[in-house]
Amino acid sequence: MTTVLLSLGSNLQPARHLHLAVQVLRERFGELRVSPAYRTPAVGFEGPDFLNNAVMLHTDMELVPLDAWLHAVEDAHGRDRSGPRFADRTLDIDVIFYGQRIVEGPGHLRVPRPELKHAFVLKPLADIAPDFVDPVSGRTLDALWRAHPQHGEHFDTVPLAP
């Protein structure tokens, strides 16, 4: 079984969409570790605030089929891919880590994801998997978060609604 760390985000009915996504992930993968959901401003465009959280799961599903399955979950929750890359979204689920693998492609698949540099990705991951070691830096997520420029800032948490 491979440990997988996901980053989830939404800024269109975000509490609802993140709640539903966690339900779908739990139905497919069983026991999950889920971080709090944090409110953060949109990055790269003007739009409503996002809610972001992270999920840790264990699976024997290979990376490419897992990524395709997650895209299907996004699509089933109204994800619109026709607009610009940085835009409002109902649901975004990214594989940040797939065990200790480092992957570039196919397509836009990159693991670990470069978005790890953002507090809205790193903080929730460090909450649920502080001892997980980033295979690129060799540092734990806790150490990466403690070194982040936004470490120590307050982030509003928001309950996920059914």
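A search of the whole of this predicted model finds four aromatic pairs. A pair of aromatic rings is described by the distance of the centres and the angle of the planes, and both values are worth keeping in mind while looking at the rings in turn. Phenylalanine 29 and tryptophan 69 form an edge-to-face pair, with 5.4 Å from centre to centre and 85° between the planes. Because phenylalanine 29 belongs to helix α1 and tryptophan 69 to helix α2, this pair ties together parts that are 40 residues apart in sequence. The two partners can also be described by their accessibility: phenylalanine 29, at 12% relative accessibility, counts as buried, whereas tryptophan 69, at 23%, counts as partly exposed.

The rings of phenylalanine 97 and phenylalanine 132 have centres 4.8 Å apart and planes at 55°, and therefore this pair is tilted. Here phenylalanine 97 lies in strand β5 and phenylalanine 132 in the loop between α3 and α4 (141–147), so that the pair ties together parts 35 residues apart in sequence. Phenylalanine 97 and phenylalanine 132 are both buried. Elsewhere, ring pairs link Tyr38, Trp145 and Phe155 into a cluster.

From the rings we can turn to helix α2, which holds one partner of the edge-to-face pair, tryptophan 69. How far should the 14 residues of α2 span at 1.5 Å a residue? The expected span is 20 Å, and the end C-alpha atoms of α2 are 20 Å apart, which agrees. The buried residues of this helix are Leu63, Leu66, Asp67, Leu70, Val73 and Glu74. These residues cover an arc of only 115° around the axis, which means that they sit on the same side of α2. The numbering of such a list can be read with a simple rule, because an α-helix has 3.6 residues a turn, so residues three or four places apart point the same way. What covers the buried residues of α2 includes β1, α1, β5, β6 (103–104) and β7.

Alanine 68 also lies in helix α2, but at 46% relative accessibility alanine 68 counts as partly exposed. Its C-alpha atom is separated by 13 Å from that of aspartate 92, a residue 24 places away along the chain. After α2 comes glycine 78, whose phi is positive, near 85°.

The next step is to look at the strands. Strand β1 is mostly covered, since seven of its nine residues are buried. Which strands does β1 pair with? Nine bridges join β1 to β4, and these two strands run antiparallel, while β1 and β5 also pair in the antiparallel sense, over six bridges. One residue from each pairing can serve as a landmark: leucine 5 stands opposite methionine 56 in β4, and leucine 8 stands opposite isoleucine 93 in β5. In a regular strand the side chains alternate between the two faces of the sheet.

These strands and helices come together in the interior. In soluble globular proteins, nonpolar side chains tend to be buried together. The largest nonpolar core here has 27 residues, of which Leu6, Leu8, Leu25 and Val95 touch the most other members. Two or more residues of this core come from each of β1 (2–10), α1 (14–29), β4 (50–59), α2 (63–76) and β5 (92–98), and α1 gives the most, with six residues. Apart from this core lies another, of 20 residues, among them Ala54, Ile96, Ala126 and Ala129. Returning to valine 95, and not counting residues up to four places away in sequence, we find that its contacts include Val4, Leu5 and Leu6, as well as Leu63, Leu66, Asp67 and Leu70, and also Arg110, Val111 and Arg113.

Valine 111, one of the residues that valine 95 touches, is also part of a backbone feature, for a cis peptide bond joins valine 111 and proline 112, with omega about -10°. Proline 112 has its place in the loop between β7 (110–111) and α3 (119–128). A further backbone feature is found at glutamine 13, in the loop between β1 and α1. Glutamine 13 has a positive phi of about 50°, although it is not a glycine. Is glutamine 13 buried or exposed? At 53% relative accessibility, glutamine 13 counts as exposed, because the cut-off for that word is over 50%.

Terms used
Residues are numbered from 1 along each chain as its sequence is written. This is a predicted model: local features need pLDDT of at least 70, side-chain atom pairs count only at pLDDT 80 or more; totals for chains, interfaces and linings use all residues. Side-chain values use heavy atoms; hydrogens and water are left out. A nonpolar core is a set of buried Ala, Val, Leu, Ile, Met, Phe, Trp, Tyr and Cys residues joined through side-chain atoms within 4.5 Å. Buried means under 20% relative accessible area, exposed over 50%, partly exposed in between (1.4 Å probe, protein chains only). Helices (H or I, at least four residues) and strands (E, at least two) are DSSP runs, numbered from the N terminus. Contact means heavy atoms within 4.5 Å. Two strands pair if DSSP finds at least two bridges between them. Rings of Phe, Tyr and Trp (its six-membered ring) pair if their centres lie within 6.5 Å; planes under 30 degrees apart count as stacked, over 60 as edge-to-face and the rest as tilted. The expected span of a helix is 1.5 Å times one less than its number of residues. The arc is that of the directions from the helix axis to the C-beta atoms.
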